[in-house]
Number of protein chains: 4
Amino acid sequence: MIVITSNQISEEQVQHIVSEIEKEGLQAHVSKGADRTVIGLIGSVNPKLAEHLRQMKGVENVVKISKSYKLASRDFHPDDTVIDIKGTKIGGGNLVVMGGPCAVESAQQIDEIAQLVKAAGGQVLRGGAFKPRTGPYSFQGVGVEGLIMMAEAGQKHGLLTITEVMTPEYVDICAEYADILQVGTRNMQNFDLLRKLGTCGKPVLLKRGFSSTYDEFLNAAEYILAGGNPNVMLCERGIRTFETYTRNTLDLSAIPVLQGLSHLPVISDPSHGTGRRELVEPMSKASVAAGADGLIIEMHTDPDNSMTGDGVQSLFPDQFAALLKDLEQLAPLVGKSFATAKAPASEFARV
Amino acid sequence: MIVITSNQISEEQVQHIVSEIEKEGLQAHVSKGADRTVIGLIGSVNPKLAEHLRQMKGVENVVKISKSYKLASRDFHPDDTVIDIKGTKIGGGNLVVMGGPCAVESAQQIDEIAQLVKAAGGQVLRGGAFKPRTGPYSFQGVGVEGLIMMAEAGQKHGLLTITEVMTPEYVDICAEYADILQVGTRNMQNFDLLRKLGTCGKPVLLKRGFSSTYDEFLNAAEYILAGGNPNVMLCERGIRTFETYTRNTLDLSAIPVLQGLSHLPVISDPSHGTGRRELVEPMSKASVAAGADGLIIEMHTDPDNSMTGDGVQSLFPDQFAALLKDLEQLAPLVGKSFATAKAPASEFARV
Amino acid sequence: MIVITSNQISEEQVQHIVSEIEKEGLQAHVSKGADRTVIGLIGSVNPKLAEHLRQMKGVENVVKISKSYKLASRDFHPDDTVIDIKGTKIGGGNLVVMGGPCAVESAQQIDEIAQLVKAAGGQVLRGGAFKPRTGPYSFQGVGVEGLIMMAEAGQKHGLLTITEVMTPEYVDICAEYADILQVGTRNMQNFDLLRKLGTCGKPVLLKRGFSSTYDEFLNAAEYILAGGNPNVMLCERGIRTFETYTRNTLDLSAIPVLQGLSHLPVISDPSHGTGRRELVEPMSKASVAAGADGLIIEMHTDPDNSMTGDGVQSLFPDQFAALLKDLEQLAPLVGKSFATAKAPASEFARV
Amino acid sequence: MIVITSNQISEEQVQHIVSEIEKEGLQAHVSKGADRTVIGLIGSVNPKLAEHLRQMKGVENVVKISKSYKLASRDFHPDDTVIDIKGTKIGGGNLVVMGGPCAVESAQQIDEIAQLVKAAGGQVLRGGAFKPRTGPYSFQGVGVEGLIMMAEAGQKHGLLTITEVMTPEYVDICAEYADILQVGTRNMQNFDLLRKLGTCGKPVLLKRGFSSTYDEFLNAAEYILAGGNPNVMLCERGIRTFETYTRNTLDLSAIPVLQGLSHLPVISDPSHGTGRRELVEPMSKASVAAGADGLIIEMHTDPDNSMTGDGVQSLFPDQFAALLKDLEQLAPLVGKSFATAKAPASEFARV
């Protein structure tokens with residue numbers, strides 16, 4: 001860490017800062033510049049000291065040098081994390097596609113869609129049983145029964161399943177039925193939920209908060225990792241900007257940036273990232289070209305009548321299938337292999 | 001609701017849209033314009049129909065006319081909500097000041113600060129027992145004991161108390177000890193928490209999500225109101241923008257805007273809204289001049305050694321006292337009365 | 001256009017609005033809803049009337065149905081604009097790559113780089129002679145001599161040239177020497193400059209303002225088109241968001257969105273869009289996968305010593321060449337042909 | 001300046017960086033930390049060296065310590081700049097109010113409004129002769145005649161005048177007729193215009209770019225100051241954020257922040273900052289309470305029929321007069337004196 005002083009600081013104030021640093025068992029290196037003095041700290045600085053120094057007289061700024069996340073950082077874990085779920089590998093050189101409806105609506109609906117996802121070459125079935133909704137009067141999901149319907153559809157068609165969990169008390173039941181638990185964008189900093197997921201025993205797909213920086217995103221992942229769960233996927237799903245034509249602005253630079261800063265797989269969500277069906281195909285391709293380790297895409301057999309009203313961003317089944325065909329061509333050009341799940345359906349039986 | 005068609009739509013497609021609307025028992029008014037046709041819907045439109053229409057062939061856009069929140073809207077509740085807590089009135093022509101540390105650290109600390117808040121003319125003691133922190137390695141609050149310490153300090157000095165609740169399972173215990181429950185910015189759309197607060201029996205101060213629109217903010221309030229709790233305060237605490245010099249950009253226009261759209265009291269938080277001590281005083285005054293119904297301000301006896309490191313935005317006690325003196329002069333100029341809590345200390349006894 | 005009334009409006013106020021509309025020779029269609037009345041206007045509405053209505057008593061909102069740009073809109077020009085410059089076609093099914101340094105520094109530098117751009121398969125040489133700089137003490141470009149150096153290098157190596165023009169008085173001289181004139185992000189709404197470019201006789205690459213919406217962007221293009229110049233390219237170059245790790249957030253959704261709203265070619269600038277060399281390659285590929293009609297990329301033989309200090313986002317020549325090889329594979333997968341300029345060098349002679 | 005290395009850097013790379021620094025005649029101070037090495041530079045660093053270092057192998061980041069603006073900084077000019085124009089003082093302890101229409105429409109209109117501004121206690125008459133408009137088909141101002149009409153109205157009623165100048169070629173004529181020249185938000189980084197204003201001989205009100213940081217804002221002011229013109233006012237006029245209910249988000253924290261960083265007067269523009277008439281009064285008061293040195297407010301005798309359509313944010317004359325009365329009460333509470341221009345009308349004669 002570095003302390004930058006104002007151009008008015010006295011020698012006495014510098015000495016006071018140095019003594020505060022040394023009191024904490026750290027070394028202080030003082031460099032006097034033309035109009036400012038800079039004091040470097042050697043050793044592990046706790047955040048309280050950082051703030052204390054920032055507030056001392058004569059201090060203009062304090063600059064962190066080390067990152068506040070460790071387990072999520074590639075600095076300390078140079079190799080890619082590869083998450084192996086029943087034989088499907090996420091991360092490394094693999095491309096994974098997760099498809100399905102915004103919400104599970106009925107056993108028949110999810111079964112039908114699972115069959116289509118599998119036929120198109122997808123490896124994971126997505127679907128929400130509990131839905132976060134902006135207003136209290138909207139459809140809020142079918143609940144636990146939806147979890148069961150989705151687990152059965154996944155098992156029958158040989159697909160992994162992913163579902164969103166919104167509150168700590170539902171983590172256990174979701175972990176019982178789904179292969180991957182998803183944290184939604186509004187919950188990226190629901191710290192109690194993150195802590196609970198650290199011990200849930202299932203891989204977690206963590207969506208970026210719609211106004212969260214990369215640094216905050218990786219710190220949120222750190223909560224889960226620090227709890228003992230190493231299987232975290234990062235998901236870029238669009239950020240809020242001044243542009244309102246698209247529902248969000250899908251930040252594809254996040255893909256190579258996060259892959260540089262972290263070893264965790266990075267998934268792209270072009271459905272929520274754009275909020276418009278006609279943009280899902282080009283942005284899916286762009287995501288893969290940018291190096292994404294996977295995609296999570298909304299697909300619905302009857303999007304115009306979806307219960308959540310999110311159908312506007314759902315692909316029709318034939319669009320989904322055509323897209324995955326194109327991705328098979330595209331993936332090798334960026335060094336990715338796109339292979340459907342190899343495990344026999346029996347492996348998908350719920351333990 | 002209004003459906004706007006593309007300039008390519010056929011007469012047949014228009015008729016199809018009209019029949020879909022009438023199927024739901026609503027009337028459709030068709031207006032043919034120079035290059036577009038507009039179809040107005042008469043009756044209460046459910047969101048599913050809205051989305052269905054948006055996705056039909058020939059439809060370019062669907063514009064909501066009615067607001068999605070009702071209970072929070074001034075349309076249906078023209079008079080200001082005034083929340084009366086043990087004789088202290090929030091809303092209407094009153095100005096309330098809530099002061100205290102970011103986090104409760106010890107019984108002595110909170111008692112000392114409570115005494116200072118009261119002496120300066122504040123009516124509510126703020127303090128966090130559970131702290132939301134960006135990274136998992138930071139101080140996370142002293143927990144339930146902190147609630148008890150704060151309740152005792154409030155009771156002793158004749159102050160109401162407010163504390164943040166982060167997860168549904170802690171609502172009951174917080175409601176037992178505190179007079180007002182606070183929802184933090186990261187939890188504005190933690191819908192399970194909002195629902196739980198709808199039945200908690202205590203007034204709630206709801207902070208605006210740091211990237212939430214006024215509309216989303218009022219919809220979040222609607223969750224609490226719809227649960228049966230009419231005592232909600234809205235709190236502007238700064239939004240995230242491209243400017244990083246300040247921690248957030250305090251959006252003071254939110255004060256008159258929200259007071260226009262809603263009947264709920266609007267509180268300003270210049271401490272988190274700026275993240276810089278030297279800005280708290282001018283932005284507190286600006287908040288009151290803009291018409292705020294109250295302020296929530298961080299104050300600490302030793303901010304440079306606060307346990308959360310948020311001391312950088314905390315006022316010193318003498319700054320807090322001087323500010324409140326100035327507010328006494330300012331409040332009447334904007335039609336507000338700033339009076340300390342009139343209730344005898346006995347009323348503050350926990351039931 | 002549609003006028004939406006408040007829920008308090010009287011019948012008399014509605015009639016007053018209607019008469020104001022009819023006074024302008026337009027028809028008004030009144031639809032009474034459950035709690036609001038909606039008034040549709042038939043005919044071409046001038047902006048003054050729109051504002052007048054918005055401010056009338058009882059009016060809550062006014063919604064534009066038609067777009068304010070016409071010439072830039074695909075509604076009135078369904079086919080792609082293809083700009084043919086000396087045999088190189090931009091738009092339609094072609095992919096164009098523009099490469100070169102941030103600033104022209106010397107005749108030798110630009111000649112050397114032109115040779116490398118050509119060898120790699122690029123069709124256009126980019127380079128700034130006049131540089132917009134945030135502070136007054138930075139290098140501001142070599143001026144008119146730079147234009148001459150670049151024209152000579154382009155002519156020698158059979159490349160088109162593009163350069164930025166910052167002020168109306170330099171349009172003529174830039175148009176004399178360069179094949180394409182570029183409007184920088186800070187000048188997207190420099191309306192005097194746009195007007196002047198409408199009559200300059202050369203194609204224009206218009207960069208999106210770093211905080212401009214799609215609508216404002218297309219209105220800025222409209223200024224040039226309305227002046228009589230049909231050869232405008234739109235360039236997405238990153239927008240300003242809360243994320244500061246990247247210099248800007250490259251908004252790749254802009255590519256399919258703008259191609260949908262407009263018939264003009266859309267170019268992507270991953271260099272300024274990210275501000276980081278290591279992101280240029282993945283974001284170039286992502287841009288092409290998203291459907292871009294071209295790329296504008298900074299390349300420098302000695303980026304660490306570039307005079308503008310923008311070298312941090314410039315590719316090395318070998319990176320540039322390797323990227324273009326990869327794009328040759330990628331382009332056909334998204335229906336684009338990537339062909340180097342076919343014109344003989346003689347055609348590049350300045351007239 | 002400080003160079004922060006990656007945790008992988010070799011001793012040899014550190015030495016290479018040091019030698020590059022020393023080659024430029026500067027000293028380098030090396031501090032080895034637990035996982036990173038930090039190199040401080042002593043002496044005046046030119047921007048090219050900064051960028052060169054940023055790009056060297058093993059360098060993770062380069063942190064500027066000194067500010068890039070000098071003349072605008074309070075560091076080197078501790079006392080407030082007070083601009084005296086014909087006896088009216090702007091800056092220091094004075095509050096100045098500028099009022100008038102968005103655009104000059106006719107001699108009668110501007111005369112009538114000038115009379116009202118003066119009667120209400122305003123000191124400066126605002127009005128646009130040349131108007132920047134998003135689309136090419138909107139009213140663009142009455143031009144030079146408008147300048148003359150406004151100069152005459154100002155002279156007759158004893159008011160200073162301010163008008164916007166959009167392009168370098170109009171600086172001279174605007175400077176001939178107006179007392180203060182205004183740079184609009186879209187031109188904050190029109191560097192040719194800023195340079196020209198550096199030598200125009202009249203005070204300049206520089207509006208903040210709607211997406212510009214404080215640092216960029218002060219650098220833009222530096223262009224004018226560096227040209228030899230010390231009389232610059234900074235104007236906060238709202239920034240672009242995700243919130244679209246208001247036209248912009250008026251960033252009132254900018255007032256105390258800019259007054260801390262700079263010695264230049266800071267003016268607030270609540271009309272453009274909110275875009276809604278009903279917010280102008282509360283945000284004007286809030287601006288003064290936050291410490292603004294002045295306000296620039298749109299007022300129109302017939303806002304519903306203003307030619308620019310900006311009437312929606314213009315006050316009616318009686319609202320303007322009532323607001324200024326309230327400000328007279330408010331100003332002394334924040335240490336400001338609000339006095340109308342003392343100069344006799346004769347002084348307002350154009351030289």
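## A buried aspartate in chain B

A polar contact is a pair of N or O atoms within 3.5 Å; within protein, one must be able to donate a hydrogen and the other to accept it. In this predicted model, the side chain of B:Asp179 places a polar atom 2.9 Å from the backbone nitrogen of B:Thr161. The side chain of B:Asp179 also makes a polar contact of 2.8 Å with the side chain of B:Lys86.

B:Asp179 sits in a loop of chain B, between α5 (171-177) and β10 (180-183). Its relative accessible area is 8%, so B:Asp179 counts as buried, the cut-off being under 20%. Beyond its neighbours within four places in sequence, its contacts include B:Ile85, B:Leu159, B:Leu160, B:Lys202 and B:Pro203. B:Gly260 is 81 residues away along the chain, and 27 Å separates the two C-alpha atoms.

## Where chains A and B meet

The size of an interface is often given as the accessible area lost when the parts come together. Here chains A and B bury about 3,800 Å² between them. Carbon and sulfur atoms account for 50% of that area. Chain A contributes 44 residues to the contact, and chain B contributes 44 residues.

## Polar links and the chain A side

Two salt bridges run between chain A and chain B. One of them pairs B:Arg240 with A:Glu216, with the closest N and O atoms 2.6 Å apart. There are also 17 residue pairs in polar contact between the chains, both residues at pLDDT 80 or more.

On the side of chain A that touches chain B, α2 (47-54), α6 (191-197) and α7 (214-226) each supply at least two residues. α7(A) gives the most, with six residues. By class, this side has 14 nonpolar, 18 polar and 12 charged residues.

Conventions. Residues numbered from 1 in each chain as written. Chains lettered and ligands numbered in written order. Predicted model: local features only at pLDDT ≥ 70, side-chain atom pairs only at ≥ 80, totals over all residues. Heavy atoms only, no water. Helix = DSSP H or I, 4+ residues; strand = E, 2+ residues; numbered from the N terminus. Buried < 20%, exposed > 50% of the residue type's maximum accessible area, 1.4 Å probe, protein only. Contact = heavy atoms within 4.5 Å. Buried area = accessible area lost by both parts, 1.4 Å probe. Salt bridge = Lys/Arg side-chain N within 4 Å of Asp/Glu carboxyl O. Nonpolar A, V, L, I, M, F, W, Y, C, P; charged D, E, K, R; others polar.
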